[in-house]
Amino acid sequence: MKFLLAIPLFFVPLAVHDNVVLTILIFTYLVGILAVSFNLIFGFTGQLSLFHAAAFGLSAYATYLSMVHLGVSFWVGALIGVLFVTLISIAIGAICFRFKLRELYFAIVTLAFSELIRLVILNWNSFTNGSLGINFTLTPTLWVPGRGVIPVAGTIMWYYLSLAAVVAAVFAYSRIVHSWMGRCFASIRLNDALADTLGINVFRYKLVSFVAGNIGAAVAGSLYSFYISYIDPNYFSLDQSLAIIAMALLGGREFVAAPIVGALVLTALPHVINVNAEARLLIYGLILILTILLMPRGIVGLLVRRRHAA
Amino acid sequence: MLLEVRHLTKRFGGLTAVSDLSFGLDAGEIIGVFGPNGSGKTTLLNLISGVYTPTAGELVWKDEALVGRKPHEIAAAGIVKTFQNPQLFGELSVFENVAIAGHLRLKRQAGWRRVATLFPVRANADDDLASRIDHVLRLCRLDAFRDVPAASLSYGGEKMLGVALALMCEPVLLLLDEPGSGLGHDELRNLDEVLRDLRAHGTTLCVIDHRVGFLGKLADRAIVIHHGAKIAEGRPDDVLRDRAVIEAYLGRGDA
């Protein structure tokens with residue numbers, strides 16, 4: 001059972017008391033959900049979506065704004081965020097896949113939709129506070145055995161919450177990938193014309209993959225924004241989408257959990273080598289190029305023998 | 001009548017690839033469609049399987065119109081086509097290729113219940129999938145290549161895998177686009193046996209080939225098309241002696 005590999009992670013806070021290390025791991029898990037869910041669309045179904053950062057940000061905004069305006073709890077707000085992203089993804093996916101947009105055309109159209117949403121959020125000052133972003137005044141609450149309902153605060157609680165979320169995400173996506181549905185995704189990635197003649201509804205399964213991937217991004221967005229207690233329209237930027245692609249490629253796109261390794265490297269890197277934001281982008285780009293040239297199967301691909309993806 | 005082709009016409013711009021073609025297919029027979037290169041045979045199969053939409057004419061499958069349905073819907077209805085140039089999922093193993101083709105079978109067996117199998121509480125959807133795949137691989141003489149990547153098969157092996165993919169869909173009507181082209185002598189005999197096996201199990205076959213020898217012996221009935229129009233129909237032996245057919249193949253006056 002590969003899931004046993006996650007068990008030691010639950011004991012990390014007992015052994016490591018350095019807040020920086022735990023914080024890096026929390027970010028790794030939260031961004032890891034984003035990268036793993038992106039890889040369902042990209043690595044397993046072969047569709048290069050640039051909508052992923054938008055699904056992430058959209059859910060963060062939807063969660064917080066529904067808490068403020070509807071007075072619901074974080075968990076209901078997150079559910080609203082996920083449902084909202086699901087509906088938007090169905091609409092955008094249906095448009096892209098109905099017109100059979102391929103490769104770069106799909107990437108560009110999904111990028112255009114992300115930009116559209118970013119501009120709406122940037123300019124709808126009265127509702128979203130525009131470019132200033134929103135500082136959160138609300139926190140999620142959680143029922144903890146023996147302590148009742150308490151606010152999620154502090155590094156330890158966030159550590160366990162984000163670890164539980166990433167384990168759940170990896171579990172859910174591996175169920176999908178290693179099922180008949182994963183075979184449909186693989187057939188679309190490898191030869192969609194053949195898939196069509198074998199009776200596989202290419203439109204339907206592209207859409208299912210796109211929506212299922214974006215739901216992961218939505219969950220990550222709700223948690224991440226509450227962890228840092230802040231959102232602004234930069235969540236939607238192309239930089240974010242490129243960072244997600246870099247994580248998936250660096251970790252290895254053949255494996256469900258591998259993008260988390262990419263997330264760890266790219267999250268820890270700024271702490272290991274201290275550079276400013278512009279230089280960081282340069283380093284991301286360099287890593288991306290070197291990965292594609294030297295290890296196209298990613299870090300996990302270097303360690304694990306090729307296994308077929310269906 | 002299983003499938004009726006009525007006045008089928010397909011034009012690509014100024015080129016008429018299939019012209020006012022009509023014929024019928026009965027359940028359980030092997031029909032051979034002959035014609036020289038460029039006579040419209042592949043276009044005909046692409047029209048039946050929904051890859052192309054006809055310019056005019058009708059296709060009636062079990063009393064229902066086929067025109068306008070998408071390829072995957074036509075496959076689900078029981079008409080499956082193989083490709084002249086083998087189409088595969090190259091980086092996957094032979095076994096995994098056939099597993100993907102098991103989608104329609106799963107869909108027929110489980111329907112929407114297949115969605116429930118994604119959740120951990122339910123057992124796997126396809127318990128007998130592996131045995132079914134092995135059966136198809138044995139039938140197509142591919143069992144020795146079960147775990148080999150499909151891309152590393154020989155050309156003949158790739159063509160047989162194409163047939164195996166189609167078989168896994170459990171078709172009522174199997175459309176084969178030049179299954180024998182590029183095959184060696186042994187592979188051809190192999191294919192002949194597989195196709196006869198299929199007919200014995202009740203599958204209707206529509207095979208197109210420009211080579212008369214292989215298909216002439218296999219088919220129950222032959223149709224010859226030339227420039228997209230039918231020029232002869234009947235028992236293969238009679239049809240292939242037909243004067244118009246010989247002219248189409250060899251040119252006027254050579255016969």
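Select B:L176 and B:V207: B:L176 stands opposite B:V207 in strand 8 of chain B. Helices and strands here are DSSP runs numbered from the N terminus, helices being H or I with at least four residues and strands E with at least two. The model is predicted, so local features need pLDDT of at least 70 and side-chain atom pairs count only at pLDDT 80 or more, while totals for chains, interfaces and linings use all residues. Residues are numbered from 1 along each chain as its sequence is written, with chains lettered from A and ligands numbered from 1 in the order in which they are written.

**Stop 1: strand 8 of chain B**

Widen the selection to strand 7 (residues 173–177) of chain B, which runs parallel to strand 8 of chain B and is joined to it by five bridges. Two strands count as paired if DSSP finds at least two bridges between them. Now add strand 3 (residues 30–34) of chain B, which also runs parallel to strand 8 of chain B, again with five bridges. In this second pairing, B:I31 is opposite B:C206.

Show the side chains of strand 8 (residues 204–209) of chain B. Which of its residues point one way, and which the other? B:T204, B:C206 and B:I208 point one way, and B:L205, B:V207 and B:D209 the other. A residue is buried if 20 or more other C-beta atoms lie within 10 Å of its own, exposed if 12 or fewer, and partly exposed in between, with C-beta atoms placed from the backbone. Six of the six residues of this strand are buried, so strand 8 of chain B is largely enclosed by the rest of the structure.

**Stop 2: the open sheet of chain B**

Next, select strands 2, 1, 4 and 5 of chain B, which form an open sheet in that order with antiparallel pairing. Strand 2 (15–25) and strand 5 (64–65) of chain B are the edge strands, each pairing on one side only. Inside the sheet, strand 1 (residues 3–12) and strand 4 (residues 56–61) of chain B pair in the antiparallel sense over five bridges. To find this pairing, pick B:T9, whose bridge partner in strand 4 of chain B is B:A56.

Add helix 1 (residues 41–48) of chain B, which packs on the sheet and touches strand 1, strand 2 and strand 4 of chain B. Its direction makes about 65 degrees with that of strand 2 of chain B; axes are lines fitted to C-alpha atoms, for helices over the stretch in contact, and angles run from 0 to 180 degrees between N-to-C directions. Contact between two residues means that their C-beta atoms, placed from the backbone, lie within 7 Å.

Stay in strand 1 of chain B for B:H7. Most residues other than glycine have a negative phi. B:H7 is not a glycine, yet has a positive phi of about 50 degrees. With 12 C-beta neighbours inside 10 Å, B:H7 counts as exposed.

**Stop 3: where the chains meet**

Show both chains. The contact takes 28 residues from chain B and 22 residues from chain A. On the side of chain B that touches chain A, the elements giving two or more residues are helix 2 (71–77), strand 6 (79–81), helix 3 (94–101) and helix 4 (103–110) of chain B.

**Stop 4: chain A and helix 9**

Move to chain A, which has 13 helices and four strands. Its C-alpha atoms fill a box of roughly 55 × 45 × 45 Å along the principal axes. Buried residues make up 48% of its 310 residues.

Select helix 9 (residues 202–228) of chain A. Its end C-alpha atoms are 39 Å apart, which agrees with the 39 Å expected for 27 residues at 1.5 Å a residue; the expected span is 1.5 Å times one less than the number of residues. Helix 9 of chain A is mostly covered, with 22 of its 27 residues buried.

Within helix 9 of chain A, pick A:S222. This residue is buried, with 29 other C-beta atoms within 10 Å. Leaving aside neighbours within four places in sequence, A:S222 is in contact with A:S59, A:A60, A:T63, A:A78 and A:G81.

Finish at A:S229, in the loop between helix 9 and strand 4 (230–231) of chain A. What is the phi of A:S229? Its phi is positive, about 55 degrees, although A:S229 is not a glycine. A:S229 is partly exposed, with 13 other C-beta atoms within 10 Å.
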